[in-house]
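Opening the notebook on this one. I want to go through one helix and one sheet and jot down what I find.

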Amino acid sequence: MKYWRKPLDFDQVKIPRGEVRIIADRCKGCGFCVEYCPKDVLEMSEEFNRKGYHPPKVVKHGECVNCNLCEMICPDFAIFSVPLDDEEPEAEPGESLEQSAAASGPPVAAQQKEDGN
Amino acid sequence: MKTDPAGVLTGAHYLDGDFACGEGAMAAGCRFVAGYPITPSTEVVERISRRFPMMGGTFIQMEDELASMAAVVGASWTGTKALTVTSGPGFSLMMENIGLAAMMETPCVVVNVQRGGPSTGLPTMVGQADMMQARWGSHGDYELIALSPQSPQEAFDLMIDAFNLSELYRVPVLLMTDECVGHMTEKVVIPPAEEIEIVPRKLTAQSPEEFLPYRVDGSYIPEFARAGDGYRFHTTGLTHDERGYPVMSAECQEICVRRLLEKITANADKIVRFDEEETDGAEVVLVTYGITARVARMAIDLARAKGVKVGVIRLIVVWPFPEKRIRGLATRVKAFVVPEVNYGQMVLEVERCAGGQAAVVGVPHGGGSVHEPDDICDAILRAAK
Amino acid sequence: MSIAVEQPEAVVEEHPVAPFLRMDRIPHIWCPTCGIGTVVKCIATALEETKVDVDKVSIVSGIGCTGRAAGYMKLDAFHTTHGRAIPFATGLKLGRPELLVTVFSGDGDLVGIGGNHFIHAARRNTDLLVVLVNNFIYGMTGGQNAPTTPLLAKSSTMPYGNFERPFNLPHLAASCGATYVARWTSLHIRRLTKAFKEAIRRKGFRFIEAIAPCSTLYARLNRLGTGANLMRFYHDHAEIRHGVDPRDVDIGFQDRIICGKFVDEERPTFTEMMDEHYSKTFGDKYVPLPPEGGMIRENSQSGDAAGAASSRREDS
């Protein structure tokens, strides 16, 4: 991320990394997760779930910091985030999740909506 | 099992009906009472509030009768035997939560020390005009059990029976006394604790994984789990399935509610109780309950002295009503005479069961005092003609 | 014979608070953008993080949209009659004092029909955690005016705007004697969860007002958009003022919402006062209700009031 000046404890503080899990069939399309994600990781998708709602989808891979805000604010228990392991190399700005994941192995299988791929 | 001796005031006492009710509750193992003051029932909870701290009981005077009944239902879900006490106006207020207790199948006891009504009526004077309300007071279809004592001794004894019946059938049980029995002072013999049999709350032996709060396998009564034992059940006043989850459908209503009715109607023979006297060959059978049964004794003697063969059915369990016995007698007697301190309530049941086979003569009385024995006797003599 | 219910599809990985929810009833009935689900999530998180014995937690709710919450939480759950959740919970608590009894219900249920019970439970400082989800309306029945509906807001029974002064709930609770009073909105998820955690660890009458959007009724009848618009409104107009006098936190229509913790004190609960008073009056003869409650068991079991009482008599 861009800093106005580098924080004094920049080398000690580690920004966590997380991954969003979406349980699409529970979603009622309220949009809270999209609106309040501090990293703008999500967008409403064009897909329909079983009930006809548009669930969210991850559009900014690798940006999730596992703040759990989507998990806390979702009224329908349809989204949560999980921390990613520390053993992987840190994703540098510009590097996508696929590139860092390729180094460490695929994420745990779940119903995950991906952008296009 | 034998009751907890801490609640039993063994000995021969001179008590009024209200105090005897209170003693009966404590002897039966009741350990939670929520009430609201209302004449003429208040002495029951006054007695209980005096003695409860010595036996691990909790009495709380709630802010109104609605709260009292709700608290009783809540306390019963912890496995504690719970009681509330009221009279006519409070009885009306409690109706919704009596329905809740019936729907959730919660054992509990409600004492109604009846007084003159309707509305504020005659707060300090006798009535028996809540008998139909006892059966039909709450909305919807449900069954419950109601008892009627005729003396302070019987008020004590029937309180124990009331708690036992509520445990056996998981149903609210009403003790329909009246101001006369409640304020009448007589000898009450309280036996030693070893002689008092109570039905304890029966907890399920199933594990939390297999337990469903309203599953019945053949019987009518589901197994009970108390709050805090890890069963994590759900119960609701909505029509529910065996998981306790609300299901809004006619099919579920049929299954859920029919069982609430049948658990009493199918066991009516075991529950029904009455005293029967000289009904063989009787010309007229008196059907009485509560204080009127005491007044009627003199009327019966007067009538018998005049040569009428009078039999008596004294209702002890008023609801469910002893339909079979009345139907059976109706073909053999000339008439039923039903004196009550109201303008005609249980007489309607007698009429229904008699089915036109025998005449049914009511002897109404508005309340405020009891019948004159002569009035009942006159009715018997008229019926005998 | 049971009623067959359609089971939702199994998911490989489950939501973190699933152990606290009745997953066989999810998805729940609440509308899209309704805030009740968020409040349920917060209280489930709070229960998990405070590590309370979940077997001893009971939840009692009344009638209404919020009242349905009891049906979705995997605790001993009681869905009772309208307005009577608080006295029912009082009975539960007094019947088995070791229970952590929470009341989870709506504004109409708890301070409308249930108003009398609310003020008396607060007065007695009954040991209850009361979560009131305030959506300013009677949602389940179609959007009628509630005791909390702000002045001029429209509802189905006040179609030209409400002209009745609404309750100021923190003031009501504090003035009646609640020992913990806080208000947050369902947007303030972390602070709301923290408030739940704090309240769980306290005793006495703890009251938390959680303001939540009602999309289908309140927002629609007042042409405010959906719950998402209401959430944006909370974002822009909520002011956090801890410790402010509860008298000053009333809510006008589309006006600022003052959130925060307003009261946090300790006072003896109903049970503590009862125990203290009876101990003084009766000394050794007082038999308090044991934590596991007044249930009479077979006399062979120890540790209950019956056993304690009879053994006390044998000793004396």
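What should helix H10 (residues 291–305) of chain B span, and how far apart are its end C-alpha atoms? Note to self before I start: this is a predicted model.

**Entry 1, the helix.** I took 1.5 Å a residue for the 15 residues of H10(B), so the helix should span 21 Å. I then looked up the end C-alpha atoms, and they are 22 Å apart, which agrees. I also checked for bends and found a kink of about 30° in H10(B), centred on B:Arg297.

Next I listed the buried residues of H10(B): B:Ile291, B:Thr292, B:Ala293, B:Val295, B:Ala296, B:Ala299, B:Ile300 and B:Ala303. A reminder for reading that list: an α-helix has 3.6 residues a turn, so residues three or four places apart point the same way. After H10(B) comes B:Gly307, and its phi is positive, near 95°.

**Entry 2, the sheet.** I traced an open sheet of five strands in chain B, in the order E11-E13-E12-E15-E16, with mixed pairing. Strand E11 (274–277) and strand E16 (359–363) are the edges, each pairing on one side only. Ignoring direction, I get an average turn of 20° between neighbouring strands of this sheet.

Zooming in on one pair, I see strand E15 (residues 335–339) of chain B running parallel to E16(B), with five bridges. B:Val338 sits opposite B:Gly362 of E16(B).

**Entry 3, what packs on it.** Which helix packs on the sheet? I found helix H13 (residues 373–384) of chain B there, touching strand E12 (284–288), strand E13 (310–315), E15 and E16. The direction of H13 makes about 165° with that of E16(B).

How values were computed: Residues numbered from 1 in each chain as written. Chains lettered and ligands numbered in written order. Predicted model: local features only at pLDDT ≥ 70, side-chain atom pairs only at ≥ 80, totals over all residues. Helix = DSSP H or I, 4+ residues; strand = E, 2+ residues; numbered from the N terminus. Expected span 1.5 Å × (residues − 1). Bend = angle between axes of the 7 residues up to and from the residue. Buried ≥ 20, exposed ≤ 12 C-beta atoms within 10 Å, placed from the backbone. Pairing = 2+ DSSP bridges. Axes fitted to C-alpha atoms, helices over the stretch in contact; angles between N-to-C directions. Contact = placed C-beta atoms within 7 Å.
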